[in-house]
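Let's take a walk through this protein together. Have the sequence and the 3D view open side by side, and we'll stop at a few spots along the way.

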Amino acid sequence: MQTEKVQRILTERRSDFCKNRKKVFYMMEKTIEEFLEELIGDELVLAVFSGCRKKELPSRIRIRPVELKGRILYQASATEGTKVVHTNYDRDTLLKYMKECLNGDYSQLQVQGRRADGSVMISRKGKRTIKKKPHPVKEPVKIMSHNRVKKYILPEGKPVPFLIDLGVMTPEGKIHVPAYDKYKQINRFLEFIEDILPRLARDRELTIVDFGCGKSYLTFAMYYFLRELRGYDVNIIGLDLKKDVIENCSRLAESYGYEKLHFLQGDIAGYEGLQKVDMVVTLHACDKATDYALAKAVQWDAEVILSVPCCQHELNGMIQNELLAPVLKYGILKERMSALLTDGIRANLLESKGYSVQILEFIDMEHTPKNLLIRAIKTGKERPVKKLEEMTEALHAELTLERLLYPQGMPAEKGV
């Protein structure tokens, strides 16, 4: 009798547990539904899915509102191979689609809105962390028209002072024909920044360093976009070796009233002016200068790194491999292979230090051969680089970035 009583109690408790578990699961689903209902609507600026868990799916999906034949729809953009595929949804269909994406396909959703930002994080065990944070309203949502005319973040026809002074735009807002490629490059760069906006804090000042800023087309554009158009509190520092360039950029920044945009003369490797930086940008820093900039970014624990490497000579001067010798004897092929391998090694080294890394096309090859951008986002999850070490040994390659990040050698005792 005692045994039957115990079994009955256990059965009742198991039944209660199952009911409670279903109830908790329902509440979690309800929470996500409420989150999507609140943030996906008229005031949506951008939503980004990442952390893909299925190889056959795109690694990232970007969602933004578009106008099509007088209707507001939501366009999901995903890269499949070399093509970008766009799919338009009405709001109800989009909400169902987004809920499905969070049901095992993607582990992260970052949402930027006009009045509030939010995020959903889902662990492999199914634990869900949902955050929503309001912020000051800065501007109405700009909804793109869905047509074949490219809509730029800095549209032609709207005069922008720094673009005028830098020779890209006329006082009437028309783009100078010789500068059109530069204009497209600036807008493409701002699109990369727009993608990572949900990762940047809104409730404090952000410090951004642009190494090798040069004439600073993109530095001015970054400040204008983040501070004037999106309302972020940013302090941007442009660093370059050329004194005359720094003096001219400083004069322009002062004339525009850009009080938190500073230009300093200095060397990337020796710069020690800061303890913590939120984002590091390095565009066309030549050869090893890119490595020093990336190492500084890791040292500062930067949340975001945007790098367009240039003139990857170091590996070209040391690469040796008997198997590849028939190809490496051709100078131009050796140069191109060295450039691609260099950036691939850099990406892996950043992953080993806790970054999620993408290598993206910056602008079309017809405009410049330096068309790859390394975008690294801090995750804190370090990845093994054992295979990378085997490859670099086979190529007789030891890049400056590896020596800077691992001065004592890669920690083989940890399995990496």
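**A walk through the fold**

Start at T219, which touches D210, C213, I236, L261 and F263, leaving aside residues up to four places away in sequence. You'll find T219 in helix α5, which covers residues 217-229. Is T219 buried or exposed? Its relative accessibility is 0%, so T219 counts as buried.

Before going further, bear in mind that this is a predicted model. Now zoom out for a moment. The protein has 416 residues, and 47% of them are buried. Its secondary structure adds up to twelve helices and 15 strands. What about contacts between residues at least 6 apart in sequence? Of those, 67% join residues that are at least 24 apart.

For our next stop, look at I164 in helix α3, residues 161-165. I164 has a relative accessible area of 24%, and because buried means under 20% and exposed means over 50%, I164 comes out as partly exposed. Its neighbours, again not counting residues up to four places away in sequence, are P159, M169, T170 and P171. K174 sits ten residues from I164 in sequence, and the two C-alpha atoms are 9.3 Å apart in space.

Now move along to a pair of helices, α10 (residues 331-352) and α11 (residues 386-394). They pack at an angle of about 150 degrees, and their axes are 10 Å apart. Angles over 145 degrees count as roughly antiparallel, which is why α10 is described as roughly antiparallel to α11. The crossing of α10 past α11 is left-handed.

Which residues bring these two helices together? On the α10 side they are I345, N348 and L349, and they meet L388, M391 and T392 in α11. Sorted by class, this contact has four nonpolar residues, two polar ones and no charged ones.

Keep L349 in view, since it leads to our last stop, Y406. These two residues are 57 apart in sequence, yet 9.6 Å apart in space, C-alpha to C-alpha. Y406 belongs to the segment that comes after α12 (400-405). With a relative accessibility of 11%, Y406 counts as buried. What does the side chain of Y406 make a polar contact with? Its partner is the side chain of S352, at 2.7 Å. S352 takes us back to α10, since that helix covers residues 331-352.

Note on methods:
Residues numbered from 1 in each chain as written. Predicted model: local features only at pLDDT ≥ 70, side-chain atom pairs only at ≥ 80, totals over all residues. Heavy atoms only, no water. Axes fitted to C-alpha atoms, helices over the stretch in contact; angles between N-to-C directions. Helix = DSSP H or I, 4+ residues; strand = E, 2+ residues; numbered from the N terminus. Parallel < 35°, antiparallel > 145°, perpendicular 65-115°, else oblique. Left-handed = near helix turned anticlockwise from the far one by under 90°. Contact = heavy atoms within 4.5 Å. Nonpolar A, V, L, I, M, F, W, Y, C, P; charged D, E, K, R; others polar. Buried < 20%, exposed > 50% of the residue type's maximum accessible area, 1.4 Å probe, protein only. Polar contact = N/O pair within 3.5 Å; in protein donor to acceptor, adjacent residues only side chain to side chain.
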